[in-house]
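Reader: Hi! I'm a first-year student, and I'd love a close look at one part of this protein.

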Amino acid sequence: PDSPEALPDFAIDRGGTFTDVFARCPGGRVRVLKLLSEDPAYRDAPTEGIRRILQELGVALPRDQPLDGSQIQWIRMGTTVATNALLQRRGERTALAVTRGFRHLLHIGTQARPHLFDLVSCSGVTLLVQFGIFLKPLDLERLRGDLEGLLSRGFRSLAVLLLHSYAWPEHEEQVAALALQLGFSQVSLSSGVARMARAVPRGLTACVDAYLSPGVRSYLHSFCQGFRDGLQGVRVLFMRSDGGLTPMARFRGSQAILSGPAAGVVGYARTTFDPRDGTPVIGFDMGGTSTDVSRFAGALEHVFEASTAGVSIQAPQLDINTVAAGGGSRLFFRWGGMAPVTLGLSPDCPLVSPGGPLTVTDANLVLGRLLPEYFPRIFGPGEDQPLCRDSAVAAFRRLAATIGDFRSATGDSAVPEASPEPPSVEEVALGFIRVANEAMCRPIRALTQARGHDASRHILACFGGAGGQHACAIARTLRMARVCVHRHSGLLSALGLALADVVHEEQEPCALPYGPGAFPRLEQRLRELERRCRDALRGQGFADEQIVTEPFLHMRYEGTDGALMVSARGHPARPDTCQAGDFLGAFTERYRQEFGFALPGRAVLVDDLRVRGTGSTEPVAPEPLGPRGAAPRVETVTQCYFEGGYQDTPVYLLEDLGSDHVLPGPAIIIDTNSTIVVEPGCVATMTPLGDINIAVGEGPAQTLGTELDPVQLSIFSHRFMSIAEQMGRTLQRTAISTNIKERLDFSCALFGPDGGLVSNAPHIPVHLGAMQEAVQFQIRELGPELREGDVILSNHPRAGGSHLPDLTVITPVFWPGQPRPVFFVASRGHHADVGGSTPGSMPPHSQSLRQEGAVFVSFKLVTRGQFQEQAVTEALLAPGAVPGCSGTRNLRDNLADLRAQVAANQKGIGLVRELIGHCGLEAVQAYMGYVQDNAEVAVRDTLRAVAARWGSLLQAEDSMDDGTPIRLRVELDPKEGSAVFDFGGTGPEVLGNCNAPRAITLSALIYCLRCLVGHDIPLNQGCLAPVQVLIPPGSILDPSPEAAVVGGNVLTSQRLVDVVLRAFGVCAASQGCMNNVTFGSDRGGYYETVAGGAGAGPHWEGRSGVHTHMTNTRITDPEILELRYPVVLRRFELRAGSGGAGRCRGGDGVIRELQFRRGAELAVLSERRATRPYGMAGGLPGAPGLNLLLRRDGRVINVGGKGQVSVEPGVSKNHQKTPK
């Protein structure tokens, strides 16, 4: 070919296992190809794919010779090069230049740990950044020497983070200019990668960019070297994480993380969504290692902060949720339950080979849903072996025997109704498929139900190599009526690249209120950003008629952190609005949809301006599929196992089917790149474009009995947990306060009719056991008085409360024909203020409960469906009658958050009723018991193992800073797997507020037991079933009803965990404190808990600068803190060397220094200021904490562990050093 129109185009998705090639050849013919991404036969998979297709077109190209780029019109690529480098930590050695005083800011991050019960947690960023230099003020001469020192150490990549550079980038730009002049090959500025407030995610994004961009650039250079002319004159575009294409020269590491998955979203959005009816689509991309799910309802849905491989990235990205369940996910059976665990699928993994781990692919193979003769021969050491069904059957037979042994062993104990008969191989394989399907349904529910959308009103767009085997079952579970499978579903990401647009974005910060006075400035800046976008796209060869721009405003209500990136699409301009559109109307509509409410009358602020420019390219015209005029040809008939047994299943080749073919299930449709299972009760119809539409039927009626079935046990465990998770998302979505929406200081849970915990989403550990006590108290207290439409509010310690700011909202779940509640749902959230003697309701010197705020025992917040606003308002203001105290200082947020908690509970009620309606009340309650029994079995096994190793008697002791001892004696029964936790000898109730209600001790125990188990088990009352807890009445762990308790929840709880883990010899003490800081005035307050060091274990170092054990709340980003509150954060870094020496060092605490810009009341509530966190096995103790106040006159004052003081504006500083 010698004219541009006659040249082929290539769209290539280079994945981790396979590379997919979609080529549009001269004459409009489409050619597709799938090949291994790594193969010794060729140097580069995309280049090899291009070579093979050009060869088919008659261009002779020996494999050892560079290709001729003049034979190509354009190349579009998506690649996992950056993703794999991040996952495997194979990026460039990177240094960080950061504002002085914040050298460890990115290590500390949000201070939350990613895995709640993992005592061995690590930081992702420490593996990216290996060295740092620290700037303040900017001294270029000193900086020159520091940079030259980095160069001498071999660093060539530099990330730069200066606080508030999103608004003032000039200093970062000066650093970059000097670094490039000195010889750095890569400099990534935080202001360049993400011009938005929030220093931590912006800095992490800069580090990721510096870490990955050199590797991306190296790959692009290597790719170009595969062509004789280095691809000069060929348009080469790469897919970014936001779903837009960008020229190769502008492609950078931070944009490349979701390159491949983003192309898949574009693919199904362009081919499945029909704008004529507007039915939204769920994308279901199931590969070998994981499954990606996303949603499209007419526009690409973006998020601006997401976490990948443990690193938070602040950049526009498509909203894609990933679950670790793919074709290569490994299967296991433990304690009566089944679950898939992710296992990377690669040609040399021991998949379906003798002795290898069983995977989801094995299960489909055993059930006859995969036919080895039609599957690529890519397995074994030589990467040339087919799937081996015999070895998979043998492995499943062994697993079935294990399950049978478990049933026999537990048939007369924890699960008395279990059948002793071993299941068949097919029953086990199908069971694992159903469990994997349920795991993949959870993120789909999170995208739909948890955001106010009905999952059943969506189309399921299935793609990816493994998705076709599961699509019908997943759609049926979610009650979707239709599945769409594109003719190129096995390589839809490559097709998405061919269909995608070129995108250029411009963004800048803004700090204006949205209103007529700001419209001229907003319009002027938006026009300037639009001009830049158009100029950039014109520079890439697009004509004006091909360019479309869309403005966005990043908007939020004043006093909140729930900012939304809003387009005015569908909201045209009016005389009283901005000329670019009615952004306020769009924001209000979107806010109500996202959060369930609006805030009329409250000012709206604009944080950022953004314009997205799109250059549209010529669409790829699909090849029509004509009718065949005859019945579809059956390639073969196989035996496939479904519910009810084996069925004859015809097998069809996709290439043989025409647009007039309708295939009733069961059926299997095989393409060169995928296998599609049409289940019984479903009907597949071919479309005129060659796609497959599957109408999903109800399926065979299933009667779910009350006898124990391991498959149903795992499925119900997922469903119960999903209910608690969706409640949590609803609460976070609908709450207004920073504490709940941003710091995530809340928990949601599901309880049985006896008040026993069934499932608790992994939120805040100190709430775990305490909420069960709260529900059970209300059952005892109110009993028959509970009616449908009632909602109870409680926070009193004798009613299962932890401390007064934690307000618990409890709602009974009724079912027709049942006189008493069949379940309970509850949500507990930390309110920033409920009155009391200090702003923030965390008084350091309280001596009685009434000094700590409003008290609720069994308060009916909602009566017969009516929210009791007046009554709860009076109760929240009641502490003002106590001398020296005030009522709540933030009534508006209290009421809004209480309504959000009611809404979260209502969400849980709806999900519980939906589950009962589908499965029956008897079955749901039976499996509630089995899930609890499952946790009990796990804990008993753990206690037996502990007794076998350490003996049947364990003891430990520690003391509070005031000398009050906490003593523990644990007597283990190795035969029963039970334990008695006896706190006899613990000190008496104290005059201060470190008294811990009994519920706190139960929370600490359930947390420790879950950590000891070490595996993912249901977290419920079964964990405490093997345990008897003895607490002396009147002690600090069981104080009198009116004792002050605010410190017990946040301080004593941490000491309890240290004592329990010390008794079991698990790890050294952690910081033993939550380091509570509050400041404010009658106008409102701020509350934070500050990170410290984690204890080391026998084979791991303690993590530094992290929240430990009983809390996991986030800390406010430095830039947001300074924007919203009258303070300046002067230092926030690790306290070097404080963790305690040993073979494995303890984690270091932090230094945090706040300077006040306005007078305020400061209160500090902390522990481990007089006692040191202990070491173990000869390791040295960590350093105690220290709270200092720096006065105007230069005095430095030790505030002590618990102090309250008035601070002066301008010079007063709170200097805090946390323990360890």
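Is C1067 buried or exposed? Please take me through the cysteines around that spot.

Author: Sure, let's start with the ground rules. This is a predicted model, where local features need pLDDT of at least 70 and side-chain atom pairs count only at pLDDT 80 or more, while totals for chains, interfaces and linings use all residues. Residues are numbered from 1 along each chain as its sequence is written, and side-chain values use heavy atoms, with hydrogens and water left out.

Now your cysteine: C1067 is buried, at 3% relative accessibility. Buried means under 20% relative accessible area, exposed means over 50%, and partly exposed lies in between (1.4 Å probe, protein chains only). C1144 also makes the cut as buried, because its relative accessible area is 19%.

So what about bonds between cysteines? A disulfide is a covalent bond between the sulfur atoms of two cysteines. Here, the test is a pair of cysteine sulfur atoms within 2.5 Å, and searching the whole structure turns up 0 of them. For C1067, that's because the closest cysteine sulfur, in C1011, sits 8.3 Å away, too far for a bond. C1144 misses out too, because its closest cysteine sulfur belongs to C1067 and is 12 Å off.

While we're here, look at helix α22, which covers residues 998-1013. Helices are DSSP runs of H or I with at least four residues, numbered from the N terminus. Of the 16 residues in α22, 14 are buried, so this helix is mostly covered. Right after α22 comes G1014, with a positive phi near 80 degrees.

Definitions and conventions
Helix = DSSP H or I, 4+ residues; strand = E, 2+ residues; numbered from the N terminus. Expected span 1.5 Å × (residues − 1).
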